[in-house]
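Student: Please show me the structure, and then let me ask about the ligand and the helices.

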Amino acid sequence: MTETPPRVAIVTGAARGIGAAIAARLSSDGLAVAVLDLDESACAPVVAQIVAAGGRALAVGVDVSDEAAVTAAVARVAAELGPPTVLVNNAGITRDNLLFKMSADDWDAVIGVHLRGSFLMSRAAQTFMTQARWGRIVNLSSSSALGNRGQANYAAAKAGLQGFTKSLAKELGKFGVTVNAIAPGFVVTEMTRRTAERLGVSFEDFQAAAAAEIAVARVGQPEDIAAAASFFVRDEASYISGQILYVACGPLN
Ligand SMILES: NC(=O)c1ccc[n+]([C@@H]2O[C@H](COP(=O)([O-])OP(=O)(O)OC[C@H]3O[C@@H](n4cnc5c(N)ncnc54)[C@H](O)[C@@H]3O)[C@@H](O)[C@H]2O)c1
């Protein structure tokens with residue numbers, strides 16, 4: 001009897017932070033994982049960690065907002081790991097500023113990575129999912145989608161991803177493809193560390209202030225988000241699509 005090959009997942013922005021945790025989690029769930037990020041060499045430690053734990057992974061350098069690079073990256077994953085039927089659109093950047101100080105470049109960069117990037121990656125990967133009559137797309141939104149001072153560009157992108165998620169869920173459902181979004185609250189990563197730096201507060205004080213506003217009185221870790229991604233990807237989640245799961249521990253307003 002021939003063994004069924006493992007499903008192949010692509011995780012973008014997976015060289016560190018939430019993406020790296022999702023890549024490791026999907027590998028421990030039994031998937032082969034393509035670790036995509038801007039710089040291929042930056043993905044090496046995540047790939048090495050997965051391989052050391054007995055998994056299969058591939059590092060691919062790509063700017064998710066570059067159409068030709070996305071086409072080439074997804075083709076490479078299909079050729080070297082197998083047809084990708086799971087996609088986690090996690091790559092992200094912030095360029096925070098109050099509206100009157102926000103440059104058009106800051107606006108375009110944030111919209112470009114989150115919205116254009118998720119669009120290009122999803123369009124390239126859905127071919128393999130519809131062919132397989134099975135697929136999973138998980139988009140990373142944010143609690144900032146509800147509005148956040150100094151983040152008009154980021155909030156617009158993250159709210160846009162929610163509409164994108166619901167539209168793809170409607171289009172792709174008949175092919176056995178579910179599309180959901182995770183909207184994290186505060187998670188300890190380089191992204192939040194840099195926000196603390198920009199605001200001129202220590203990362204410890206920044207985390208303590210955030211924790212004081214969170215129902216369970218702690219900040220999130222990348223593994224908290226990876227657990228939600230793992231759930232959406234499972235076979236048993238096949239009747240859940242078009243949903244936005246706030247992983248922020250507590251009601252948001
Ligand atoms: N950290 C949080 O509190 C938090 C909260 C809500 C949502 N998020 C979202 O979760 C996702 C991961 O965030 P994180 O905190 O791990 O951030 P991070 O900055 O630690 O990691 C983001 C990764 O994305 C990569 N990346 C950026 N632009 C890219 C591009 N054009 N192409 C390919 N890769 C690119 C970066 O190189 C980096 O490795 C992001 O979409 C972010 O907006 C984070």
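Tutor: A polar contact is a pair of N or O atoms within 3.5 Å; within protein, one must be able to donate a hydrogen and the other to accept it, and residues adjacent in sequence count only if both atoms are side-chain atoms. This is a predicted model, in which local features need pLDDT of at least 70, side-chain atom pairs count only at pLDDT 80 or more, and totals for chains, interfaces and linings use all residues. Residues are numbered from 1 along each chain as its sequence is written, and side-chain values use heavy atoms, with hydrogens and water left out.

Student: How far does a polar side-chain atom of Asp 37 lie from an oxygen atom of the ligand?

Tutor: The pair to look at joins the side chain of Asp 37 to a ligand oxygen. For Thr 189, a polar side-chain atom is 2.5 Å from an oxygen atom of the ligand. For Asp 37, the value is 2.6 Å.

Student: What percentage of the ligand does the protein bury?

Tutor: Accessible areas come from the Shrake-Rupley method with a 1.4 Å probe; for residues, only the protein chains shown count as cover. The ligand taken alone exposes 830 Å². Of that area, the protein buries 94%.

Student: Which helix gives the most to the shell around the ligand?

Tutor: Surrounding residues have a heavy atom within 4 Å of the ligand, and there are 28 of them. Helices (H or I, at least four residues) are DSSP runs, numbered from the N terminus. At least two shell residues come from each of α1 (17-28), α4 (104-132), α5 (152-172) and α6 (190-199). The most, 3 residues, come from α6.

Student: How many nonpolar residues does the shell have?

Tutor: Ala, Val, Leu, Ile, Met, Phe, Trp, Tyr, Cys and Pro count as nonpolar, Asp, Glu, Lys and Arg as charged, and the others, Gly among them, as polar. The shell has 10 polar and 5 charged residues. Its nonpolar residues number 13.

Student: Are α1 and α8 roughly parallel or oblique to each other?

Tutor: Axes are lines fitted to C-alpha atoms, for helices over the stretch in contact, with angles from 0 to 180 degrees between N-to-C directions. Angles under 35 degrees count as roughly parallel, over 145 as roughly antiparallel, 65 to 115 as roughly perpendicular and the rest as oblique. The axes of α1 and α8 (residues 222-233) come within 8 Å and cross at roughly 50°. The two helices are therefore oblique.
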